[in-house]
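What follows is a guided reading of one structure, taken step by step. Please keep the sequence and the 3D view at hand, since the text moves from one ligand to the other and then to the helices around them.

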Amino acid sequence: MNENMMNDQTLIVTGGAGFIGANFVHFWIKKTGQTVVNLDKLTYAGNPENLELLKGDGRHHLTVGDIGDQGLVSSLLKAHRPWAIVNFAAESHVDRSISAPDAFIQTNVVGTFNLIHEATTYWKALNEEEKTRFRFLHVSTDEVYGSLEKDDPPFTETTPYAPNSPYSASKAASDHLVRAFHHTYGLPTLTTNCSNNYGPYQFPEKLIPLVIHRALQRKPIPVYGDGLNIRDWLYVEDHCAAIKTVLMQGTPGEVYNIGGNNEITNINIVRTICRLLDEQLSPEVGFSHESLITFVSDRPGHDRRYAINAGKIETRLGWNPLETFETGIRKTVRWYLDHPQWVENITSGAYQKWIQTNYEDRK
Ligand code: NAD
Ligand code: TYD
């Protein structure tokens, strides 16, 4: 192959050592056999152990670095000549964005700008046929649409943006950059806005793995506010399949909402996990994990409800989730029970400090 040609068998994934990114790298290699060049800064949320099963597999290359590093991104593009870039890299936790928003602006806004800018330079130098085939897929969140009231219809792709946290505002800014690069330069972009994910390899700062971890340690399970906030939960592998569908079949310049049709209150999520743990661990008579539930003071600016209308990706591209919440949460609880070492490694050190910072002042 001519060294200036685009390589149809190579994808660049950013943030592929994090929760969804790592699940996607496994999914993509299994389903397509293509090579993945994984650019990840390995922040607290990036964990090479998430990619342990690919050790020695020549189809996965991890490069430790920042999407905001212009020289590095440019040289990776020149060296690997990917047919697509999938951007997962981000600071992703709302509570951290409240206590320390700087990194969110740096990575989610400035970093995404650098990545798409370099991608555009690379793309402009491709021949016409390659330019048409190239894709830049930006992975985003439903949180950019803001908060719904109880009876509001779910978010569609045309719901106006109304981000409420530094996290969602930074993701909204990156979505706007992606839109602008398509509109101005013609870069073949795709944006996906997905609801809350859960599944293997999720860092236990997020609700579901946090609850499992705390319950196993028999420590109080913190529920913010009245516990009646609603999220629309999707099993991570269904999200990966949706991204693959959009990458292969989506129309450049378009946005696709992804969701699981599982609107559940936080308290019901927590109770379900407690019930599954009671069942799986058959604890002593008289003990229920639910007794650990503790209501604590609310998150500032806490969005009440998110819900996704996934009609566009379902009808136009034929994607549907395979897991119900009941099947997905069973698999997830089982995975955490079967991987105590992964949990142990990730929750030592800096994790303890975060738990102290986020929870010590909550009453
Ligand atoms: P995560 O926090 O688990 O992982 C993020 C990854 O990005 C980590 O591996 C981290 O090391 C890496 N990273 C951070 N800054 C970087 C930088 N400057 N350069 C390179 N790598 C960097 O996040 P996640 O939950 O896997 O989310 C992935 C993406 O999906 C994010 O863009 C997030 O906004 C989006 N999303 C997440 C959810 C969810 O429920 N988790 C839902 C919808 C959308
Ligand atoms: P989270 O997993 O942080 O995702 P997001 O804020 O991006 O939706 O939180 C999910 C829901 O769970 C959210 O309404 C906040 C709530 N929550 C708690 O009640 N207790 C906790 O300890 C955490 C981390 C979250």
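A good place to begin in this predicted model is Tyr-359, which has a polar side-chain atom 2.6 Å from an oxygen atom of ligand 2. The protein covers 97% of the 510 Å² of accessible area that ligand 2 has on its own. Tyr-359 also belongs, together with Glu-143, Arg-231, Arg-299 and His-302, to the residues that come nearest among the 18 around ligand 2.

Two further polar contacts of ligand 2 can be followed from here. Asn-266 places a polar side-chain atom 2.9 Å from an oxygen atom of ligand 2, whereas Tyr-224 takes part through its backbone, with an N or O atom that lies 2.8 Å from an oxygen atom of this ligand.

Which residue classes make up the shell around ligand 2? There are 8 nonpolar residues in that shell, along with 5 polar and 5 charged ones. In terms of secondary structure, helix H7, which spans residues 207-216, and strand E8, which spans 221-224, each contribute at least two residues to the shell, and the largest share, 3 residues, comes from E8.

Helix H7 leads onward to helix H9, residues 266-281, for the axes of these two helices come within 10 Å of each other and cross at roughly 45°. With angles under 35 degrees counted as roughly parallel and those from 65 to 115 as roughly perpendicular, H7 and H9 are therefore oblique to each other. The crossing in which H7 passes H9 is right-handed.

The second site to visit is that of ligand 1, which is surrounded by 29 residues, the closest being Ile-20, Asp-40, Ser-92, Tyr-167 and Lys-171. Of these names, Lys-171 has a polar side-chain atom 2.6 Å from an oxygen atom of ligand 1, and Tyr-167 likewise brings a polar side-chain atom to 2.7 Å from an oxygen atom of the ligand. Phe-88 contributes through its backbone, where a polar atom is 3.0 Å from an oxygen atom of ligand 1. Taken alone, ligand 1 exposes 830 Å², and the protein buries 97% of that area.

The elements that give two or more residues to the shell around ligand 1 are helix H1 (19-32), strand E5 (135-141) and helix H6 (166-185). Which of the elements gives the most to this shell? That element is E5, with 3 residues. Sorted by class, the shell around ligand 1 holds 12 nonpolar, 12 polar and 5 charged residues.

Helix H6, having appeared in the shell around ligand 1, also has a helix packed against it, namely H4, residues 102-124, at an angle of about 15° and with the two axes 8 Å apart. Because angles under 35 degrees count as roughly parallel, this makes H4 roughly parallel to H6. H4 passes H6 in a right-handed crossing.

Technical notes:
Residues are numbered from 1 along each chain as its sequence is written. Chains are lettered from A and ligands numbered from 1 in the order in which they are written. This is a predicted model: local features need pLDDT of at least 70, side-chain atom pairs count only at pLDDT 80 or more; totals for chains, interfaces and linings use all residues. Side-chain values use heavy atoms; hydrogens and water are left out. A residue is near a molecule or strand if one of its heavy atoms lies within 4 Å of it. A polar contact is a pair of N or O atoms within 3.5 Å; within protein, one must be able to donate a hydrogen and the other to accept it, and residues adjacent in sequence count only if both atoms are side-chain atoms. Accessible areas come from the Shrake-Rupley method with a 1.4 Å probe; for residues, only the protein chains shown count as cover. Helices (H or I, at least four residues) and strands (E, at least two) are DSSP runs, numbered from the N terminus. Ala, Val, Leu, Ile, Met, Phe, Trp, Tyr, Cys and Pro count as nonpolar, Asp, Glu, Lys and Arg as charged, and the others, Gly among them, as polar. Axes are lines fitted to C-alpha atoms, for helices over the stretch in contact, and angles run from 0 to 180 degrees between N-to-C directions. Angles under 35 degrees count as roughly parallel, over 145 as roughly antiparallel, 65 to 115 as roughly perpendicular and the rest as oblique. A crossing is left-handed if the near helix is turned anticlockwise from the far one by less than a right angle, and right-handed if clockwise.
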